[in-house]
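Here is a short set of exercises for getting to know a protein you have not met before. Try each task by yourself, then follow the worked solution.

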Amino acid sequence: IAAATAVAATAATPAGPGAQWMPGTREAVSTMNSLFGPTGLIGTPTAYVSEHNSIRFGAFFGDDLSAASGNYGIIRYVEVGGAFLDRTGVSDKAVANAKVTIIPQNFRNFEVGIGVIDAFDAIDQTFYVVGSADLVTPEWRGERFSTIGLKVHAGIGNGMFNEELFAGGELLFTKNVSLVGEWDTKDFNAAIRYAHGDYFNVQLGFFKSDFFLGATTTLRF
């Protein structure tokens, strides 16, 4: 892992202020808290983690489910955090999560995340592995994309993922606007995202056939 990290740090260029030095596109629009806490899409995690010495606070507002979450980049490529879930008809629960990013040395624009959701089994303890890759990396012209970018994510886990495949994708129209979709092993979810700089993101879409609004803000120190 150390060798891969060194290669990534020297070969990649940052996408902007506060961006991580990693292969592929790492725009703020691709780094939001997912429903259960980990950096991800809507209900599924990606291979990405919070930056070292940064905290991401997230909120999710749906018809039958709302959540508040937080992730801390405790060391480089490792995040820890949690979420509090307000669920209609059942008891509210707090869940803890952790994830580490691994950058394979021989693959360009590809990363692997290994993590746990609900580490203390408050609802359904889930261990997972997920891969994230840039299938189409946007070309840059100044501060704008000259082509649309495409990121894909796929993984498997036990617990809430039932040892089945979950997958998702992101179409990056600009570094601030994207369309995301995912299959969480039970439902297809989708949203449109907007990133205001690299410190505030918002997304609007549907989760399990219900509309939701989500937001993430990043604090660095």
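**Exercise 1. Two loop residues**

Task: Find where D118 sits, and decide whether D118 is buried or exposed.

Solution. Start with the location: D118 belongs to the loop that runs between β7 (110-117) and β8. Keep in mind that this is a predicted model. Next, look at the accessibility. The relative accessible area of D118 is 1%, and buried means under 20%, so D118 is buried. Finally, check the backbone: D118 has a positive phi of about 60°, although D118 is not a glycine. Here is some background for that step: most residues other than glycine have a negative phi.

Now repeat the steps for Y77. This residue is in the loop between β4 and β5. Y77 is not a glycine either, yet its phi is positive, at about 75°. With 7% relative accessibility, Y77 counts as buried.

**Exercise 2. The whole protein**

Task: Work out how many helices and strands the protein has, and what share of its residues is buried.

Solution. Begin with the elements: the protein has one helix and 16 strands. Then turn to burial: 48% of the 221 residues count as buried. For the surface, the exposed area is about 10,100 Å², and carbon and sulfur atoms supply 64% of that area. Last, consider contacts with a separation of 6 or more: 44% of them join residues that are 24 or more positions apart.

**Exercise 3. The core**

Task: Say which residues have the most contacts inside the largest nonpolar core.

Solution. First, take the core as a whole, which has 20 residues. Within this core, L35, I42, F60, L85 and F207 have the most contacts. The elements giving two or more residues to the core are β4 (65-75), β5 (78-87) and β8 (126-136).

Then zoom in on F207. Setting aside residues up to four places away in sequence, F207 touches L35, I42, G43, F60, L65, E182, D184, N189 and F212. Two of the partners in that list, F60 and F212, return in the next exercise.

**Exercise 4. Aromatic rings**

Task: Describe how the rings of F60 and F212 are arranged, and explain why their pairing joins parts far apart in sequence.

Solution. A pair of aromatic rings is described by the distance of the centres and the angle of the planes. Step one is the count: there are five aromatic pairs. One of them is formed by F60 and F212, with 4.8 Å centre to centre and 10° between the planes, a stacked arrangement. Step two is the position: F60 lies in strand β3 (residues 54-62) and F212 in strand β16 (residues 210-220), so the pair ties together parts that are 152 residues apart in sequence. Step three is burial. F60 is buried at 6% relative accessible area, and F212 is buried at 2%.

Compare this with Y72 and F221, another stacked pair, at 6.0 Å centre to centre and 10° between the planes. Y72 lies in strand β4 and F221 in the segment after β16, so this pair links parts 149 residues apart in sequence. Here Y72 is partly exposed at 26%, while F221 counts as exposed at 59% relative accessibility.

To finish, put the buried pair in context: F60, F207 and F212 form one aromatic cluster.

**Exercise 5. Following strand β16**

Task: Find which residues F212 and T218 contact, beyond their neighbours within four places in sequence.

Solution. Take F212 first. Its contacts are I42, F60, F61, G62, A190, A191, Q203, L204, G205, F206 and F207. The C-alpha atoms of F212 and F61 are 5.4 Å apart in space, while the two residues are 151 residues apart in sequence.

Move on to T218, which is also found in strand β16. T218 counts as buried, at 11% relative accessibility. Its contacts are S54, I55, R56, D198 and Y199. From T218 to N71, the C-alpha distance is 9.4 Å across 147 residues of chain.

**Exercise 6. A surface patch**

Task: Name the residues that make the nonpolar surface patch of about 700 Å².

Solution. The patch is made by F61, I148, L171, F173, L179, I192, L204 and L213. Pick L204 as an example: L204 is in strand β15 (residues 200-207), and with 49% relative accessibility L204 counts as partly exposed.

How values were computed: Residues numbered from 1 in each chain as written. Predicted model: local features only at pLDDT ≥ 70, side-chain atom pairs only at ≥ 80, totals over all residues. Heavy atoms only, no water. Patch = residues over 30% accessible without salt bridge, like charges linked within 9 Å, V, L, I, M, F, W, Y side chains within 5 Å. Areas by Shrake-Rupley, 256 points an atom, 1.4 Å probe, with all protein chains shown as cover. Salt bridge = Lys/Arg side-chain N within 4 Å of Asp/Glu carboxyl O. Helix = DSSP H or I, 4+ residues; strand = E, 2+ residues; numbered from the N terminus. Buried < 20%, exposed > 50% of the residue type's maximum accessible area, 1.4 Å probe, protein only. Core = buried A, V, L, I, M, F, W, Y, C linked by side-chain atoms within 4.5 Å. Contact = heavy atoms within 4.5 Å. Phe/Tyr/Trp six-rings, centres within 6.5 Å; stacked < 30°, edge-to-face > 60°.
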